[in-house]
Every structure is written in structure tokens, then in C-alpha cells.
Amino acid sequence: MNYPDEITYGNKADIISTVEFNHTGELLATGDKGGRVVIFQREQESKNQVHRRGEYNVYSTFQSHEPEFDYLKSLEIEEKINKIRWLPQQNAAYFLLSTNDKTVKLWKVSERDKRPEGYNLKDEEGRLRDPATITTLRVPVLRPMDLMVEATPRRVFANAHTYHINSISVNSDYETYMSADDLRINLWNFEITNQSFNIVDIKPANMEELTEVITAAEFHPHHCNTFVYSSSKGTIRLCDMRASALCDRHTKFFEEPEDPSNRSFFSEIISSISDVKFSHSGRCIMTRDYLTVKVWDLNMENRPVETYQVHDYLRSKLCSLYENDCIFDKFECVWNGSDSVIMTGSYNNFFRMFDRNTKRDVTLEASRENSKPRAILKPRKVCVGGKRRKDEISVDSLDFSKKILHTAWHPSENIIAVAATNNLYIFQDKVN
């Protein structure tokens with residue numbers, strides 16, 4: 001990997017909270033804690049600057065969510081963007097969904113390079129003219145102007161979640177999408193904002209009996225009736241909306257039996273799934289818990305077909321990670337375009353890649369020290385105790401405040417986006 005572009009943000013509001021490529025990979029959207037969405041557009045290749053292909057520059061920035069206050073519950077609602085999901089492009093405009101803890105918004109992002117002039121009822125400043133002074137009929141004309149990118153909210157889907165929204169997923173029918181919070185999943189039609197259909201409800205009659213919460217949910221990439229959701233107990237449920245209106249009974253239940261020899265005080269916490277993703281083929285699902293990434297075949301529920309250790313060297317550090325709350329960090333995971341490589345984040349600004357075919361893995365670092373443009377990333381190694389080699393880093397000197405929770409992979413090329421707190425790094429596979 002080389003070719004890093006680095007985009008830096010400033011204060012706490014600028015900490016990146018989600019990263020997402022659109023379906024062509026030409027645009028890359030990031031959301032942050034300050035409620036802003038920044039969209040980057042890929043540079044078109046020119047004959048005299050062949051190597052510049054792949055650089056992403058700011059295309060549009062807009063404020064998606066504002067801080068709110070729920071007066072009935074005396075609760076502040078953060079503006080932080082939890083997730084962004086693109087809709088497939090149907091015309092010249094782009095559409096994306098963005099959500100904070102309570103409200104999902106559908107945004108239209110479009111370009112304007114012409115403006116109308118010569119209105120009959122308005123003057124050039126837009127003020128209404130006196131009808132008595134209008135003696136001739138004019139045909140308005142379009143005049144060229146500087147390119148302007150406009151973001152306009154087309155729909156606001158609100159008031160349907162009691163708890164914090166952790167996932168949104170666009171269905172393959174492109175007419176509906178779902179939003180999931182800790183205890184419920186709602187199905188929405190893009191055209192209807194004032195009502196949603198509740199498809200999963202795991203809220204017990206008595207909240208004291210609550211044993212698990214929903215952590216992530218996603219639609220199948222090809223079958224519009226199928227979706228999965230993961231739980232804090234480390235289980236995954238596959239549901240079929242054709243079976244019943246309320247999917248309180250799952251079609252398939254994926255769970256790996258716990259090894260009694262590994263049982264500890266932290267077992268339940270580290271088995272909680274923070275992300276679930278269907279493969280592009282729709283044959284597998286990938287889940288990320290605190291220490292591992294697992295790949296499950298949809299036809300085998302009793303155990304994963306592949307398990308990758310992300311940072312097994314942290315097992316001995318779970319006590320201190322519990323004390324500094326890092327053990328509750330929610331790492332995401334992504335597939336590459338062909339489902340052959342998996343990427344997920346770790347601490348110390350490290351991110352990990354696992355090749356499913358060769359079983360090789362690599363640890364890379366996204367940091368300002370090694371992010372000069374066109375610099376090649378060197379693999380990093382972490383050593384546990386004993387003698388440390390020159391190019392290794394000791395597990396005791398890892399920086400747990402630097403963490404890579406959000407990553408994205410270009411849908412067809414080897415271009416990745418890595419969010420390291422308030423820096424966004426874009427790396428591209430080496431170009432000869």
C-alpha cells in the first residue's frame with residue numbers, strides 16, 4: 001500500500017464517526033461528531049498527471065444534524081453522525097442517508113452550473129416587481145455560473161426510536177431501508193416519513209430482565225426479504241420477512257460455543273459483536289468482536305468457517321482496558337470488492353488486513369509520521385514480553401487513545417479509507 005492522502009480535522013467535534021464509499025467509489029463520505037458530512041470526490045486522470053488518479057478532494061461539506069434537547073425526557077441528543085449509507089445513483093444527483101442517535105435524514109447532493117435570468121415578476125435581485133410596470137413578456141434564460149454543489153434534505157425520518165440508532169441499511173429493492181437501535185429494528189419506505197414498520201422488538205416486558213441488546217444490523221445485498229442483526233451476547237440472527245410481519249423468530253441463529261478454558265470475567269464483554277457485514281456475494285457474513293473477526297457461512301450456524309485474531313496480545317491487558325473503558329470500543333470491519341481480503345482496525349493507529357486465500361495477514365499503521373504522499377507503508381509487529389527486535393513495538397507502549405474504529409474499502413479497486421480519530425487517510429495499492 002502506498003499513496004496516502006491525509007485530511008486533518010481540528011477539535012473534538014471533528015472526530016470522524018463514520019466513513020463510506022458510494023457504489024462507484026468516485027465519492028467518499030465522512031461524518032463527524034459535530035454533525036457534519038464531508039464528501040470527497042476522486043480526481044479524474046489527466047494525460048500529464050497520470051499518478052494523480054486516486055486522489056480525493058473535498059467535493060461538498062454540509063451540516064447534517066444539529067444538537068437537540070428532548071424536553072420530555074430531559075435528554076440531550078448529540079449531533080454526532082453514527083452512520084452514512086449511499087443510495088445507488090439513478091440520475092445526475094447523489095442521495096445518501098445519514099443518522100444521529102434519533103433521526104435519519106435523506107440528503108440530495110447535486111451540482112448547479114447554470115442560473116436562470118430574466119424573470120417577468122422578479123428583478124435581478126429577486127424582489128417582486130410592480131405588475132403595473134410589466135409591459136412585455138420575457139422568456140427566462142439560463143446563464144452559465146461557477147459550479148456549485150448543493151446539499152438539500154429531502155426527507156427527515158424522526159420520532160421512531162426510543163433508544164440510540166446504531167445501524168442503517170438500504171435494502172436491495174431501493175424502496176425501503178431499516179434503522180436499528182438497542183432493542184428495536186424499524187423498516188421505512190423512502191417516500192413515507194411519518195410512519196415506520198417495526199420488524200424486530202427484543203424489549204422485555206420488564207426491563208430488569210434485559211439480557212442483550214442489538215449492536216448492528218444489515219440487509220442481504222441481493223435478497224430484499226433477508227437481513228441479519230447481531231447482539232451483545234455474540235450471537236447473530238438471520239431473519240426472513242416473508243415468514244412473519246414481526247421477525248421475533250429468527251430463521252437462522254449463529255453462535256459459537258464458548259471454550260470453557262478461556263472463560264473469564266471479561267468473556268461476555270469481549271464476545272459482544274460490534275459490527276456485522278454481508279459479503280458482496282451474499283454467501284457469508286463477517287462479524288467483529290473485541291479480539292477477533294469471524295467469517296460465517298450462511299449454511300453453517302454452529303461455528304464460523306474462519307476466525308482471525310486481530311490483537312490477541314491484548315488478552316493479558318483486558319483488566320486495564322476495562323478500567324480505561326477501551327474494552328467497550330466498537331470496531332468496524334469491511335470486505336474488499338472481491339470478498340477475498342478483510343480489513344479492521346486496532347489501537348496505536350494500527351489496522352489489520354487478512355487475506356482469506358493465502359491466510360496471510362499484515363498490520364499497517366496510519367500515522368502522520370509515515371504518511372508522506374506516495375510513501376510505502378511498512379508492516380508493523382507487536383511483541384509480547386521477552387526480547388524486542390528493532391522494528392517491533394512492545395505491547396506495553398501501545399497508545400490506546402489512538403484507535404481506528406472506522407474504515408472503508410473502494411467497491412472495485414484497492415483503495416481504502418481509514419479514519420484515525422480526527423485524521424482521514426486514503427491509501428492506494430502501489431501503482432507502477
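## Reading the fold and its two open sheets

Guide: In this predicted model, residues 24 or more positions apart account for 53% of the contacts in the protein that have a separation of 6 or more.

Visitor: What makes a pair of residues count as a contact here?

Guide: A contact requires heavy atoms within 4.5 Å, and with that cut-off the pairs 24 or more positions apart reach the 53% share among contacts with a separation of 6 or more.

Visitor: How do you know whether the radius of gyration agrees or disagrees with that of a compact globule?

Guide: The globule rule takes 2.2 Å times the number of residues to the power 0.38; for 432 residues this gives a radius near 22 Å, and because the protein has 24 Å, the value agrees with the rule. Along its principal axes, the C-alpha trace spans about 90 × 60 × 40 Å.

Visitor: What share of the residues is called buried, and on what grounds?

Guide: A residue is called buried when its relative accessible area is under 20%, and 49% of the 432 residues count as such. The protein exposes about 22,300 Å², of which carbon and sulfur atoms supply 48%.

Visitor: How many helices and strands does the protein have?

Guide: It has 2 helices and 32 strands, where a run of at least four residues is needed for a helix and at least two for a strand.

Visitor: Why are β24 and β27 called edge strands?

Guide: They belong to an open sheet of 4 strands, ordered β24-β25-β26-β27 with antiparallel pairing. Both β24 (333–335) and β27 (361–365) have a single partner strand, so one side of each is left without a neighbour in the sheet, and they stand at its edges. Neighbouring strands of this sheet are turned by 20 degrees against each other on average, direction ignored.

Visitor: How do you know that β26 and β27 pair?

Guide: Pairing asks for at least two bridges between two strands, and 5 bridges join β26 (residues 350–355) to β27, the two running antiparallel; the condition is therefore met. Within this pair, Phe354 stands opposite Asp361 in β27.

Visitor: What is the strand order of the open sheet that contains β21 and β22, and what joins these two?

Guide: The order is β20-β21-β22-β23, an open sheet of 4 strands with antiparallel pairing. Its edge strands, β20 (275–278) and β23 (306–309), each pair on one side only, and the twist averages 15 degrees from one strand to the next. Strand β21 (residues 284–288) is joined by 5 bridges to the antiparallel β22 (residues 292–297), in which Asp297 is the bridge partner of Cys284.

Note on methods. Residues numbered from 1 in each chain as written. Predicted model: local features only at pLDDT ≥ 70, side-chain atom pairs only at ≥ 80, totals over all residues. Heavy atoms only, no water. Axes fitted to C-alpha atoms, helices over the stretch in contact; angles between N-to-C directions. Buried < 20%, exposed > 50% of the residue type's maximum accessible area, 1.4 Å probe, protein only. Areas by Shrake-Rupley, 256 points an atom, 1.4 Å probe, with all protein chains shown as cover.
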